[in-house]
Amino acid sequence: MPAIDVQHLTRRFGKFVAVDDVSFRVGEGEIFGFLGANGAGKSTTIRMLCGLLRPTSGTALVGGVDVSRDAEGVKRRIGYMSQRFSLYESLTVEENIRFFAGLYGLSEERYAERRRFALEMAGLEGRETMITRQLSGGWRQRLALGCAILHEPPILFLDEPTGGVDPISRRQFWRLIDQLAGEGVTILVTTHYLDEAERCGRVAIMHAGRLIGIGTVAEVKQVFADRPIVEVRVDQPVAAMQALDAMPEVEKTSLFGTAVHAVLKTPRAADVPVADRLRAAGLQVQSLVTVPPSLEDVFLDMIEKAGAR
Amino acid sequence: MRKAIAVARKELRQIARDKVTLFMLLFIPAFLLVLYGYALNFDVRHVTLAVQDRDATAESRAVVSAFVNSGYFDFTARVGGEGEIESLMDRNAVRAALVIPEGFGRRLRQAHSPTVQVIIDGDNANIANTVVGYATRILGSVSGPTVSAASTVAPPLSLETRIWYNSELRSALFLVPGLIAYIAMITAVVSTALSIVREKENGTMEQIRMAPLGPAAYVVGKSIPYFLLSLAGELLIVLVSMALFDLPMRGSWGALILVISLFLFGALGTGLFVSTVAETQQVAFQMSLLLAYLPTLMLSGFIFPISSMPQVLQIITYVVPARYFLVALRGIVLKGSALATLGVPMGAMVIYAVIVLGLASVRFARQHG
Ligand SMILES: Nc1ncnc2c1ncn2[C@@H]1O[C@H](COP(=O)(O)OP(=O)(O)OP(=O)(O)O)[C@@H](O)[C@H]1O
Ligand SMILES: [Mg+2]
């Protein structure tokens, strides 16, 4: 039985369709990444899966429980960390832990044990009496995670957990996620950082409420199987983009830092004398290599195609 | 229930840490009381008075001595003509003047309802109106309904304002119950509404909604601290009023606490209702002001007597819970009324509390469904 089983899930707000006929399954212990631009419908999907928002139609089973039928049952089985920082800033570390333990009705013995666990996980031992407001972003994030899993939920929803956190803290945070998944916790995580998405077992890409791609990272990159990407470094990137766009074999170009990525329509990059033509156009080519598609390429490509439809 | 206690404990910790809220809940009420109480108490005593007795009969002298002996006026000058009064007032030597026309005594004896004139410096509209009230009452006590006061108030007090305030005598004692109602509204409605909406703004509400916690447990947990604090604040006001303004506490404390509690349930319900509608603290504050605070101030009989309001407003006052609270509170504190005699106002407060709590709970549960 999958941990999360979503079939034709739809949610409308008035006429606006925020989530449109979405179906997917997440297996136990899997890290499932949810990608999509702002407003794509990621949070709305998560809120339905947590029993917070009623689906307009479709079904969702979370831990085998139907979210439309037994929202409270779902809530007992899941942990959730919202997109916004959601601890009480004026309370101390310890008071926050105690409050959330109270919300989940933990017994005193269990509380003592889980409190130790949360403090250790967040690296906050010895700082129990610090006011949460004074903690740095990374600490807060780990404390929020600790508070979200005090009741040891088998399924965890993390909505943009690493927003506004420095790269080192993000790495620490992901180490915790890997660890939890290793213990069998199913994790559905949304993120705007594509390097984080690479760490997910499978990813789903959402656009305008619809699921436009799903699979392992390697699988979704298959959209570029017949379309090699060449990375060109030249003295004048903008002029190079114009020259490349003018070539019939080039599907599209985009700027990646100081380099230009060109997607070719032919399966073999060697068939197209790109460098020669650029030199003929008077540009100085510093390097030209075929690169594997990044998740960012995939993401942008899928959104472009979905938008064109 | 354990979860409700977890919420209440968290809320109390937050309040304890939030010095501004704590201050607002406990000390602002007492501070307001002292401020209003004293302003009303002292400013209108020892009003300097000039007297022009053009009649000089036994009757006119009786009126003058009634004014002087009332304790409200300090006899300052005896004058001959209108011009003198004007110059005394311009120099702020007197605030009021009593003019008794010739023939006053004769007309009174003939039962012709004679007129005396009271001229009041209208600088401070509140004082002026209070003085009008005193004068009317004193004249009433001198000779029944036969003497009427034609009080002329120097600008800037207009005729209209006079009608608004009416000339009812209201003492600080009478105002204390009003203040208690008004302060309960501020603390209970505003603080409850703000504390819940703040959780919406901060995103902690969403986290709470993701937890297996029924709406009832949240609401109860959230209300307990504000109920206790408001009740403590109210009792503090009563004690301060007893110490500073000689407020008599003629009824039983149990009855007082019961009546205040009934009123607070309604107030907490109102705050809760506001929090289900407002998304930001600013909107919540404005709504509380409009829904709770202004009606309590204007339509409860606290400042303006209900009997002198236009018909439409009088009808509206029936849905203002403070109206009933004032009746019950004045009854218990000033008259020592027994609970049994306060069935109507208490029933009205219960009905209000049930309706508003029900409405808020339904909205709240729906938002959490
Ligand atoms: N309660 C609501 N009422 C009306 N529209 C809503 C509501 N909640 C969300 N929406 C709309 O649904 C769309 C999807 O929102 P959602 O928050 O799910 O996006 P998201 O993918 O999480 O975006 P982000 O990356 O910015 O968090 C948005 O256009 C949003 O305005
Ligand atoms: Mg979102």
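What volume does the second largest pocket have? About 510 Å³, as the first legend below shows.

These legends go with a predicted model, where local features need pLDDT of at least 70, side-chain atom pairs count only at pLDDT 80 or more, and totals for chains, interfaces and linings use all residues. Residues are numbered from 1 along each chain as its sequence is written, chains are lettered from A and ligands numbered from 1 in the order in which they are written, and side-chain values use heavy atoms, with hydrogens and water left out.

**View 1. The second largest pocket, lined by chains A and B.** A pocket here is an open set of points on a 1 Å grid over the protein atoms alone, with protein on both sides within 12 Å along at least five of seven lines, and lining residues have an atom within 4 Å of a point. The volume is the space filled by probe spheres set on the points, which are joined across faces, edges and corners. Of the 23 lining residues, A:R47, B:K200, B:E206, B:R209 and B:E279 sit closest to the centre. Two or more residues each come from α1 (42–49) of chain A and from α8 (172–202), α9 (204–209) and α15 (343–368) of chain B; helices are DSSP runs (H or I, at least four residues), numbered from the N terminus. The biggest giver is α15(B), with four. By class, the lining splits into five nonpolar, eight polar and ten charged residues (Ala, Val, Leu, Ile, Met, Phe, Trp, Tyr, Cys and Pro count as nonpolar, Asp, Glu, Lys and Arg as charged, and the others, Gly among them, as polar).

**View 2. The largest cavity.** A cavity is a set of grid points where a 1.4 Å probe fits but cannot get out. There are three cavities of 30 Å³ or more, and the largest holds about 60 Å³. Its lining includes A:Y80, A:F100, A:Y104 and A:C147, plus B:Q207 and B:A211. Helix α5 (residues 137–148) of chain A chips in the largest share, three residues. No charged residues here: the lining has eight nonpolar and two polar.

**View 3. α3(A) against α1(B).** Helix α3 (residues 93–103) of chain A packs on helix α1 (residues 2–17) of chain B at about 155 degrees, axes 8 Å apart. Axes are lines fitted to C-alpha atoms over the stretch in contact, and angles run from 0 to 180 degrees between N-to-C directions. The pair is therefore roughly antiparallel (over 145 degrees). Contact (heavy atoms within 4.5 Å) involves, among others, A:E95, A:R98 and A:F99 with B:K3, B:R13 and B:R17. In this contact, four residues are nonpolar, one is polar and seven are charged.

**View 4. α10(B), α11(B) and α12(B).** The axes of α10 (residues 215–245) and α11 of chain B come within 9 Å and cross at roughly 135 degrees. Those of α11 (residues 253–277) and α12 (residues 281–298) of chain B come within 10 Å, at roughly 135 degrees. α10(B) and α11(B) are therefore oblique (an angle outside the ranges under 35, 65 to 115 and over 145 degrees). The contact of α10(B) with α11(B) has 16 nonpolar, three polar and one charged residue. On the other side of the view, B:T270, B:F273, B:V274 and B:V277 of α11(B) meet α12(B) residues including B:M287 and B:L291.
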